Amino acid sequence: MSEEKVTTDIITLTRHVLDEQRKHKEASGDLTLLLNAIQLGCKFVATNVRKARLLNLIGLAGGVHNISGDEQKKLDVISNEIFINALRSSGKVAVMVSEENEEVIIVEEGLKGKYCVVFDPLDGSSNIDAGVNVGTIFGVYRVAEGSPGSVKDVLRPGNEMVVAGYCMYGSSANMVITVGNGVNGYTLDNSIGEFILTHPNITIPSRGKIYSVNEGNAKYWHEACEEYFHSLKFPPEGKNPYSARYIGSMVADVHRTFLYGGIFAYPADKKSKNGKLRLLYECFPMAFLTEQAGGKATTGYERVLDVCPEDIHSRCPIFLGSKDDVEDVEKIYKKYSK
């Protein structure tokens, strides 16, 4: 019986970030410490998600609603507190925006740093009772030169973000992150409490075979959107139709799109003229990751990362995924815009 070979030279998220830091002599190490705080938050949330059923964290938090109008679960509230505390105590953050908080959070003097973090602490939590994957989505901006740290520092286009990522909690905890030079995926090894590099240089295939959209909204779709999805289901003779896969948890649907290709969409429609997803802490981070992995992200009419948010909870339509698939969407929307 052959002995299992144990790998002793493992690349952790911390090691990988430090290696990148060494390549930039001007780097202060602040971003490295901030990413440590984010991964600590993710580890803590991953533990609570696993224990949620046992600790009775799945019920509603006393009828409380968050800023999006969703009923908050106990786990939402706990995850939010975990991230706010981890980020504040890092001493590297000046401004925070969370889906669960109506107002921007300004960090007090003495703990204030030079970064702004926007995040959805537990995306897809309405599915957690059913054992569906949920996740944390985050994006990082630098505070503008000379700014003391205010809401203006986050009301900027997504193309100014310096870091974006998500952590998906399911059968394993998977962190996918970009610092602006490609996308890497890490898996939490619970035995040593570290995120290990398992998916280096994630690249989205240029075309996929899967579309992911809530077809329950088809009644409200605009003509361009109807035509695009009809073209996937009823292609010309000789081409195969796309498969439909929709989990209803953005992190899980986007993660599959990154690995297998295809398109994920939450379009604007007659009922939700700006779509449903939030720009700052859902669309921007996912669009940044998509582009860094060789894909594209559009509203139908413009690049998502070029949109400027009007307020911290602005919504935005989005189509993201394989480059060729997203370009097909753009062609159809351009036709209708004329």
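The side chain of Arg 278 reaches out to the backbone oxygen of His 313, at a distance of 2.3 Å. That is a good place to start looking around this model, which is a predicted one. You can find Arg 278 in the loop between strand S13 and helix H6 (279–292). Does this arginine have a salt-bridge partner, or what is the nearest side chain of opposite charge? Arg 278 is buried yet has no salt bridge, and the nearest side chain of opposite charge belongs to Glu 99, 4.9 Å away. A salt bridge needs the side-chain nitrogen within 4 Å of a carboxyl oxygen, so this pair does not count as one.

**The sheet around S13**

Let us follow S13 into its sheet. Five strands make up this open sheet, in the order S12-S11-S13-S15-S14, with mixed pairing. At its edges are strand S12 (243–244) and strand S14 (296–298), each of which pairs on one side only. Helix H7 (residues 323–337) packs on the sheet, where it touches S13, S14 and S15, and its direction makes about 25° with that of S14.

Strand S13 (residues 263–266) has a partner in strand S15 (residues 318–321): the two run antiparallel and are joined by four bridges. Among the residues involved, Ala 265 has Phe 319 in S15 as its bridge partner, while Phe 264 is matched with Leu 320 in S15. S13 also pairs with strand S11 (residues 210–212), this time in the parallel sense and over two bridges. Here Tyr 211 has Ile 263 in S13 as its bridge partner.

Which way do the residues of S13 point? Ile 263 and Ala 265 point one way from the strand, Phe 264 and Tyr 266 point the other way, and all are buried.

**Salt bridges**

Side chains of opposite charge can pair when their charged atoms come close. How many salt bridges does the count come to? The count comes to 19 salt bridges. Three of them are shown here, with the distance between the closest N and O atoms.

| Acidic residue | Basic residue | N to O distance |
|---|---|---|
| Asp 19 | Arg 22 | 2.6 Å |
| Glu 160 | Arg 156 | 2.8 Å |
| Asp 253 | Arg 256 | 3.1 Å |

Asp 19 and Arg 22 both sit in helix H1 (residues 13–22), three residues apart, which is about one turn of the helix. Asp 19 is partly exposed, because its relative accessibility is 29%. Arg 22 counts as exposed because its value is 54%. These two residues also belong to a network of salt bridges that links Asp 9, Arg 15, Asp 19 and Arg 22.

Asp 253 and Arg 256 lie in helix H5 (residues 250–260), and they are separated by about one helical turn because they are three residues apart. Both Asp 253 and Arg 256 are buried.

In the remaining pair of the table, Glu 160 is partly exposed at 34% relative accessibility, whereas Arg 156 is buried, with a relative accessible area of 14%.

**A glycine in a loop**

Finally, take a look at Gly 146, in the loop between strand S6 (134–142) and strand S7 (163–169). Is Gly 146 buried or exposed? Gly 146 is exposed, because its relative accessible area is 77%. Along the chain, Gly 146 and Gly 294 are 148 residues apart, and their C-alpha atoms are separated by 34 Å.

Terms used
Residues numbered from 1 in each chain as written. Predicted model: local features only at pLDDT ≥ 70, side-chain atom pairs only at ≥ 80, totals over all residues. Heavy atoms only, no water. Pairing = 2+ DSSP bridges. Contact = heavy atoms within 4.5 Å. Axes fitted to C-alpha atoms, helices over the stretch in contact; angles between N-to-C directions. Buried < 20%, exposed > 50% of the residue type's maximum accessible area, 1.4 Å probe, protein only. Lys, Arg positive; Asp, Glu negative; His and termini not counted. Polar contact = N/O pair within 3.5 Å; in protein donor to acceptor, adjacent residues only side chain to side chain.
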